[in-house]
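Colleague: I should like to request a close look at a single part of this model, explained in a manner suitable for a first-year student.

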Amino acid sequence: MALRSVATCPRSLRRFFSTSGFGFPPRPAAPQPREEAEPSTNLFVSGLSKRTTTEKLREAFSPFGEVIHARVVTDHVTGYSKGFGFVRYAKIEDAAKGIEGMHGKFLDGWVIFAEYARPRPQPPSPQNSGYAN
């Protein structure tokens with residue numbers, strides 16, 4: 001069976017074979033590398049299992065220093081972990097040891113990732129909400 005050239009194709013198929021820029025979506029931009037957060041006593045822990053509790057998180061990070069606060073963020077409806085949490089140490093040196101000791105390790109059968117927490121971005125001001133008074 002012989003193939004037709006694009007020039008002899010019906011008009012509806014020419015658009016399909018066209019190489020103009022109209023038919024193809026733009027390529028996605030390369031992902032930007034995430035900035036390293038400033039060293040602090042607060043750690044962000046991701047990759048947590050749904051079975052991980054706040055107590056288990058505290059126990060896992062306590063060998064590296066004095067844990068002041070640990071919290072697993074949970075879903076309000078199910079009560080299960082959302083897969084991330086926070087650990088706050090008494091000293092920055094302890095936080096660095098916690099990252100070194102737990103980043104890439106297993107907790108409840110899942111590999112977890114620990115890094116310095118980033119501060120929350122400021123919410124937009126209510127003046128620029130776009131609603132008329």
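Which strands does α3 lie across, and at about what angle does α3 run to β6? Please describe the sheet and its surroundings in some detail.

Modeller: The model is predicted, and the description below should be read with that in mind. Helix α3 lies across β1, β3 and β6, and runs at about 155° to β6.

The sheet itself is open and consists of four strands in the order β2-β3-β1-β6, with antiparallel pairing. Strands β2 and β6 stand at the edges, and each has a single partner strand, so one side of each is left without a neighbour in the sheet. On average, neighbouring strands are turned by 20° against each other, direction ignored. A second helix, α2, also packs on the sheet: α2 touches β1, β2, β3 and β6, and its direction makes about 140° with that of β2. Within the sheet, the antiparallel strands β2 and β3 are joined by six bridges. Val72, for instance, has Gly85 in β3 as its bridge partner.

The helices and the sheet also contribute to a nonpolar core. In soluble globular proteins, nonpolar side chains tend to be buried together. The largest nonpolar core here has 19 residues, and those that touch the most other members are Leu43, Leu57, Phe61 and Val87. Two or more residues of this core come from each of β1 (42-46), α2 (54-61), β2 (67-74), β3 (81-89), α3 (92-102) and β6 (113-116). Leu43 illustrates these contacts: leaving aside residues up to four places away in sequence, Leu43 touches residues including Phe61, Val87, Ala95, Ile99 and Tyr116.

Aromatic rings provide a further detail. The count comes to three aromatic pairs. In one of them, the rings of Phe44 and Phe84 have centres 5.8 Å apart and planes at 40°; the pair is therefore tilted. This pair links distant parts of the chain, since Phe44 is in strand β1 and Phe84 is in strand β3, 40 residues apart. The rings of Phe84 and Phe86 have centres 6.3 Å apart, and because their planes stand at 90°, that pair is edge-to-face. Ring pairs thus link Phe44, Phe84 and Phe86 into a cluster.

Are these three rings buried or exposed? They fall in between: Phe44 is partly exposed, with a relative accessible area of 22%, Phe84 is partly exposed at 27% relative accessibility, and Phe86 is partly exposed, with a relative accessible area of 22%. Buried would require under 20% relative accessible area.

Key: Residues numbered from 1 in each chain as written. Predicted model: local features only at pLDDT ≥ 70, side-chain atom pairs only at ≥ 80, totals over all residues. Heavy atoms only, no water. Core = buried A, V, L, I, M, F, W, Y, C linked by side-chain atoms within 4.5 Å. Buried < 20%, exposed > 50% of the residue type's maximum accessible area, 1.4 Å probe, protein only. Contact = heavy atoms within 4.5 Å. Pairing = 2+ DSSP bridges. Axes fitted to C-alpha atoms, helices over the stretch in contact; angles between N-to-C directions. Phe/Tyr/Trp six-rings, centres within 6.5 Å; stacked < 30°, edge-to-face > 60°.
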